[in-house]
Amino acid sequence: MKMEAFTVENVPLIKEGDDIASIICDNAEIKDYDIIVIASTIVAKSEGRVFRLEDIEAGEKAKEIASRHDLDPEFIQAVLDRSNEVLMEFPILLVETKNGHVCIKAGIDESNVEGGYLADLPEDPDSSAENIGKAVEMNTSKKVSVIVTDTNGRAFKIGQTGIAVGLYMIHPILNWVGKKDLFGNELEITQEAVADEIAGAANLLMGEGDGGCPVVIIRGLKLRSEDSTSVKEMYRTDREDLIKKGLRCLRD
Ligand code: GDP
Ligand code: MN
Ligand code: MN
Ligand code: MN
């Protein structure tokens with residue numbers, strides 16, 4: 001078996017209105033079943049989702065949370081504005097974003113953004129992935145999948161990895177339940193988080209710093225779905241999410 005991963009070269013510094021699909025098609029030869037992995041930072045920048053703290057006014061709640069953090073109240077306000085729920089205020093500001101993704105500081109990111117500006121996550125990363133994926137398919141007549149990624153920490157371990165925040169034509173979970181192991185035993189619970197695994201692999205080439213490689217193509221996996229897909233397929237429902245329940249108990 002073989003899987004290839006390579007960066008798309010010559011991606012410029014992305015600004016609002018830039019056409020990421022065209023940039024990809026101009027700089028890579030796309031093949032059927034390619035999985036195009038794109039850092040959310042450039043998707044956000046192309047969608048104009050950057051802002052400055054000067055333009056935000058902090059409310060009481062933001063000021064109160066900020067008094068315990070080494071963060072500006074305006075920054076906390078920006079996080080609150082993008083969140084459905086604050087799961088932990090301190091020592092980490094852990095929220096569920098409006099899109100249902102649980103992460104620290106609503107994914108607001110100052111790395112690789114012009115000085116003085118912050119980048120949001122895309123407002124609807126599945127739609128962003130779909131728009132780029134469909135445009136690439138129109139351009140190339142190839143069938144592709146797209147994964148929009150961000151860098152996130154893990155709950156029980158030190159260190160961050162690339163994870164999927166938006167998907168086009170790839171299901172996030174590969175269900176092994178009912179398949180056989182080497183000894184003929186039926187697998188009972190294993191659901192492989194393939195979109196996060198691919199995001200992690202692509203992140204190895206992207207890096208986190210000044211590499212300038214926000215787009216990675218993964219080739220050799222047959223994971224393109226038949227039907228439409230969403231990152232929400234991998235978010236647990238409130239009823240099933242024991243960790244969220246635990247965090248609410250600690251908070252309230
Ligand atoms: P995030 O994980 O979505 O927050 O993205 P990062 O800030 O970690 O950046 C991932 C990769 O994309 C790194 O190699 C950055 O240098 C690169 N990158 C970020 N923005 C741009 C851009 O506008 N143009 C180019 N060419 N690379 C960028
Ligand atoms: Mn970043
Ligand atoms: Mn980020
Ligand atoms: Mn990153």
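## Two domains

Let's start with the overall layout. In this predicted model, the domain assignment splits the protein into domain 1 (4-48 + 121-251) and domain 2 (50-115). Taken over C-alpha atoms, the centres of domain 1 and domain 2 are 24 Å apart.

## Where the domains meet

How many residues of domain 1 are in contact with domain 2? There are 17 of them, and they touch 13 residues of domain 2. On the side of domain 1 that touches domain 2, helix 2, strand 8 and helix 7 (242-251) are the elements that give two or more residues. By residue class, that side of domain 1 holds 7 charged, 6 nonpolar and 4 polar residues.

## The ligand's place

Now for ligand 1. Why does ligand 1 lie between domain 1 and domain 2? Both domains give residues to the shell around ligand 1, so the ligand sits between them.

Two elements are worth following here: helix 2 (40-46) and strand 8 (145-153) each supply at least two residues of the shell around ligand 1. Both of these elements also give two or more residues to the side of domain 1 that touches domain 2. Helix 2 gives the most to the shell, with 4 residues.

## A look at the shell

If you are inspecting the surroundings of ligand 1, here are some names to find: of the 21 residues around the ligand, Ala39, Thr41, Asn112, Gly211 and Pro214 come nearest. The shell around ligand 1 is made up of 8 polar, 8 nonpolar and 5 charged residues.

Technical notes
Residues numbered from 1 in each chain as written. Chains lettered and ligands numbered in written order. Predicted model: local features only at pLDDT ≥ 70, side-chain atom pairs only at ≥ 80, totals over all residues. Near = placed C-beta within 6 Å. Nonpolar A, V, L, I, M, F, W, Y, C, P; charged D, E, K, R; others polar. Domains from an automatic or database assignment. Contact = placed C-beta atoms within 7 Å.
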